[in-house]
Amino acid sequence: MNAGRSRNPRSRRTGAVAAVAGAVLLTTVTAPPAQAAPTGIVVSNVVVNNGKPIVVGTKEAKEPPVTFQVSLPPGLSTSKPSAYDAKPFLYRGTKLPKNPDNDSLRMDIYTCYPVNDWKERCEGTLFIDPPYDLASNSYATTWKIGLTLRLWKPDGRLKAEEFKKAPGSVQLKRWAKATVNASPEPVKKGKKLTVTGRLTRADWTKHKYTAVAGSARLQFRKKGSSAYTTVKTVKSNSAGALKTTVTASTDGYWRWTHNGSSITGPATSTADFVDVR
């Protein structure tokens, strides 16, 4: 055991992501691929985004956290990190991609903390750049976890590599937005109040937000209160439009909230305050 090493973590940046970011690739990463061979490296306890779905928009890059544990075979030591590399990635479908560095969602910077001479715990982030990584709305699905394992020769050339499946999966969803408008403002007590809004979600093909047909709950929070109550549930039309009428009774805030689905993230609009006189 050598717990003292936990004060000296090592950080790595994967070659594929560094290329996207414009960084200089390490010569070891660009080395010719070696013949697939067992490395003896074992990666376990992979947790992506704290076990929650990853929700991505159209432009903003996302960096979901990833934690995992690495166990080394005889002959390798955490004191010589340059001799090996191990990192998770996400892939779609039933088969592992032939080139995970290009056909997957990859690790960005990650740091490993040695537990002893043969084991380390690692933490870092994936890097998801929507315009670059998400070319189709079909990518909103369940992604499986894969592993890239590599051994390096003393001269920096690749000695062996293998791509393996790991237990677990993560759901990738399209970011959703909701808007709200209540009118007239102000309104007389007992009169009708019309509440409108719109539901949209990230379109990874068009790289903009487009309409989504779904249901949303109209919620109200009385002035001076901190809790919202659901007044009714309304379905949006094909253009994503929401519309309903309610009877005005007291000052308060109106909003729409959408629960999302297996491919769409949840959305809650900002609140619109209405003065009832």
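Exposed here means over 50% relative accessible area, and buried means under 20%. With that in hand, welcome to a set of close-ups of a predicted model.

**Figure 1. Two asparagines with positive phi.** Let us start at Asn50, which sits in the loop between β2 and β3. Asn50 has a relative accessible area of 60%, so this residue counts as exposed. Its phi is near 60 degrees, a positive value in a residue other than glycine. Asn45 belongs to strand β2, and there phi is near 55 degrees, again positive in a non-glycine residue. Asn45 is exposed too, because its relative accessible area is 55%. For context, most residues other than glycine have a negative phi.

**Figure 2. Val46 and its surroundings in strand β2.** Staying in strand β2, we come to Val46. Val46 has a relative accessibility of 16%, so it is buried. Leaving out neighbours within four places in sequence, the contacts of Val46 are Val66, Thr67, Phe68, Pro88, Ile145 and Leu147. One of these partners, Ile145, is 99 residues from Val46 in sequence, yet their C-alpha atoms are 8.3 Å apart.

**Figure 3. The largest nonpolar core.** This core has 35 residues, and the members that touch the most others are Ile41, Val43, Val48, Ile54, Phe68, Leu90 and Leu172. Two or more residues come from each of β2 (42–48), β3 (54–56), β4 (65–71), β5, β6 (107–114), β7 (119–126), β8 (142–152) and β9 (158–174). The biggest contributor is β8, with 5 residues. Zoom in on Val48 and you will find that it touches Ile54, Pro65, Val66, Leu90, Leu126, Ile145 and Val170, once residues up to four places away in sequence are set aside. Another core lies apart from this one; it has 21 residues, including Ala176, Val212, Trp256 and Val276.

**Figure 4. The disulfide of Cys112 and Cys122.** The protein has 1 disulfide, formed by Cys112 and Cys122 with their sulfur atoms 2.2 Å apart. The link is right-handed, with 105 degrees about the S-S bond. Cys112 lies in strand β6 and Cys122 in strand β7, 10 residues apart. Both cysteines are buried.

**Figure 5. A cavity lined in part by strand β5.** How many cavities of 30 Å³ or more does the structure hold? There is 1, and the volume of the largest cavity is about 30 Å³. Its lining consists of Lys87, Pro88, Phe89, Pro100, Asp101, Ser104, Arg106, Met107 and Thr148. Strand β5 (residues 84–91) supplies the largest share, 3 residues. By character, the lining divides into 4 nonpolar, 2 polar and 3 charged residues.

**Figure 6. Two cis peptide bonds in one loop.** Our next stop is the loop between β10 (176–183) and β11 (192–203), where Pro184 is found. The bond from Ser183 to Pro184 is cis, with omega near 5 degrees. Pro186 has its place in the loop between β10 and β11 as well, and the bond leading to it from Glu185 is cis, with omega near -5 degrees. As background, most peptide bonds are trans.

**Figure 7. Stepping back to the whole chain.** To close, here is the setting for these views. The protein has 2 helices and 18 strands. Of its 277 residues, 46% are buried. Among contacts with a separation of 6 or more, 67% join residues 24 or more positions apart.

Conventions. Residues are numbered from 1 along each chain as its sequence is written. This is a predicted model: local features need pLDDT of at least 70, side-chain atom pairs count only at pLDDT 80 or more; totals for chains, interfaces and linings use all residues. Side-chain values use heavy atoms; hydrogens and water are left out. On a 1 Å grid over the protein atoms alone, a cavity is a set of points where a 1.4 Å probe fits but cannot get out, and a pocket is an open set with protein on both sides within 12 Å along at least five of seven lines; lining residues have an atom within 4 Å of a point. Grid points are joined across faces, edges and corners, and a volume is the space filled by probe spheres set on the points. Helices (H or I, at least four residues) and strands (E, at least two) are DSSP runs, numbered from the N terminus. Ala, Val, Leu, Ile, Met, Phe, Trp, Tyr, Cys and Pro count as nonpolar, Asp, Glu, Lys and Arg as charged, and the others, Gly among them, as polar. A nonpolar core is a set of buried Ala, Val, Leu, Ile, Met, Phe, Trp, Tyr and Cys residues joined through side-chain atoms within 4.5 Å. Buried means under 20% relative accessible area, exposed over 50%, partly exposed in between (1.4 Å probe, protein chains only). Contact means heavy atoms within 4.5 Å. A disulfide is a pair of cysteine sulfur atoms within 2.5 Å.
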